[in-house]
Amino acid sequence: MRGGGGAPGRGAARRGRAAASPERYSPALAASLHNRGVTLSQLGRPGDSRPVAQEAVTIRRELAVASPDRHRPALASALTSLGSRLSELGRAADALSAAQEAVSIYTDLEDASPGSHRAELAGALTSLGIALSELERPADALAAEQQAVDIYRELTAVSPDLHSPDLAAALHNLSVTLSQLGRPADALPAVEQAVSIRRALAPVSPGAGRPDLAAALASLASRLSELGRPADALAAEQEAVGIYRELAADSPERFRPGLAGALTSLARRLAEVDRAFDALVPEREAVGIYRELAAASADRYRAGLAATLHDLASLLSGLGQPAD
């Protein structure tokens, strides 16, 4: 783990030093908490990550009151991270508040010193767009996400190795929002570019790149389906399932939820090309995975299990198996 955030003994020592000398040691404690929150999120533990991220915000807010010029950038960074953790927990309204504050701070910093925090502003805009989308405000989300894409395009032109992953993520989000607004033809080129970037990055950074590529392929499949291209959608979904299956074999706790979602989508794509009987296989596998996940974490996965059971029932009914 980064920053030593995973060692309880060191964490207690940092807290003690920060209590005795806040100005000297609180920034290090906040940084450690920030890093630990990110790590917990990457491990699929958003419930554990949120209070850690919240504490980092609290510390950095106190520091920013005492010394705004020095600590406001760190506060904005902590707010962006907290917003992401809250979104992961389905707390979109709280995530929106954190993201709005982060965007406001970074905008002020950029106005005072253009170019000083462009990448950070784009990241905060991305979080803002996600929160607005989750609150079913796609028109508002579109403005934030388009601004984030524009900034990342500029940054990627100068430093492609550094900013291409961020551009791909922003394009992915933009595509989803355009789809929500009933604009699949506009959404398609955005997600196609995201897939192209992710595909190039996957061999370079497989640990992060392959999950991102799988997610982008699943989104591409949805856009192609919306545009009446079921065969192309099926090919993209099959590739996504293949990647998720490999990932879940290596790290089941982290990637089995993604595999379940991709299998459900694959079943839909198969049904769209009149292969409903073939669709039963991935649908039943998805139900089995969701049953296991819901048994361990009902709050997070019972809704997914219910939706997948509904899809399975629809398939069976269409195949003339009403009793099943």
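D274 counts as exposed, at 73% relative accessibility. This is a predicted model, and I will start with the loops. D274 is found in the loop between α12 and α13, the latter covering residues 276-296. Phi of D274 is near 65 degrees, a positive value in a residue other than glycine. As background, most residues other than glycine have a negative phi.

The next residue with that feature is E136. E136 is not a glycine either, and its phi is positive, about 60 degrees. Where is E136 placed? The loop between α6 and α7 holds E136, and the positive phi comes just after α6. Is E136 buried or exposed? E136 counts as exposed, with 71% relative accessibility.

That brings me to α6 itself. α6 has 17 residues, and from its first C-alpha to its last it reaches 25 Å. That is close to the 24 Å expected at 1.5 Å a residue. Twelve of the 17 residues are buried, so α6 is largely enclosed by the rest of the structure. The buried residues of α6 are L121, A122, G123, A124, L125, T126, S127, L128, G129, A131, L132 and S133. What covers them? The cover includes α4, α5, α7 and α8.

Take L125 from that list. Not counting residues up to four places away in sequence, L125 touches V103, A144, Q147, A148 and I151. L125 also belongs to the largest nonpolar core, which has 43 residues. Within that core, L79, L125, L128 and L171 touch the most other members. Which helices supply at least two residues each? They are α3 (46-66), α4 (68-88), α5 (92-112), α6 (118-134), α7 (138-158), α8 (160-180) and α9 (184-201). α5 gives the most to this core, with nine residues. Apart from this core lies another, of 42 residues, with A214, A236, L247 and I289 among them.

Now α5. Its end C-alpha atoms are 30 Å apart, and its 21 residues should span 30 Å at 1.5 Å a residue, which agrees. Buried in α5 are A92, A95, L96, A98, A99, A102, V103, I105, Y106, L109 and E110. E110 is on that list along with V103, and V103 is one of the residues that L125 touches. Cover for the buried residues of α5 includes α4 and α6.

Next, two helix pairs. Two packed helices are described by the angle between their axes and the distance between the axes.

The first pair is α8 and α9. They pack at an angle of about 155 degrees, and their axes are 8 Å apart. With over 145 degrees counting as roughly antiparallel, that makes α8 roughly antiparallel to α9. Their crossing is left-handed. On the α8 side, S164, P165, L167, A168, A169, L171, H172, S175, L178 and S179 take part, meeting P184, D186, A187, A190, V191, Q193, A194, I197, R198 and L201 of α9. L171, in this contact, is also one of the four residues that touch the most other members of the largest core.

The second pair is α11, residues 230-250, and α12. Here the angle is about 160 degrees and the axes are 8 Å apart. α11 and α12 are therefore roughly antiparallel to each other. The crossing of α11 and α12 is left-handed. α11 contributes P230, A233, L234, E237, Q238, V241, Y244, R245, L247, A248, A249 and D250 to the contact. α12 contributes P252, F255, R256, G258, L259, A262, L263, S265, L266, R269, L270 and E272.

Two residues from this contact, one on each side. V241 is found in α11. Is V241 buried or exposed? V241 is buried, with a relative accessible area of 5%. Leaving aside neighbours within four places in sequence, V241 is in contact with L259, A262, L263 and L266. V241 and Q321 are 80 residues apart along the chain, and their C-alpha atoms are separated by 27 Å.

On the other side is G258, which lies in α12, residues 252-272. G258 is partly exposed, with a relative accessible area of 23%. The C-alpha atom of G258 is separated by 9.0 Å from that of R245, 13 residues away along the chain. G258 and R245 both appear in the α11 and α12 contact.

Methods. Residues numbered from 1 in each chain as written. Predicted model: local features only at pLDDT ≥ 70, side-chain atom pairs only at ≥ 80, totals over all residues. Heavy atoms only, no water. Core = buried A, V, L, I, M, F, W, Y, C linked by side-chain atoms within 4.5 Å. Buried < 20%, exposed > 50% of the residue type's maximum accessible area, 1.4 Å probe, protein only. Helix = DSSP H or I, 4+ residues; strand = E, 2+ residues; numbered from the N terminus. Contact = heavy atoms within 4.5 Å. Expected span 1.5 Å × (residues − 1). Axes fitted to C-alpha atoms, helices over the stretch in contact; angles between N-to-C directions. Parallel < 35°, antiparallel > 145°, perpendicular 65-115°, else oblique. Left-handed = near helix turned anticlockwise from the far one by under 90°.
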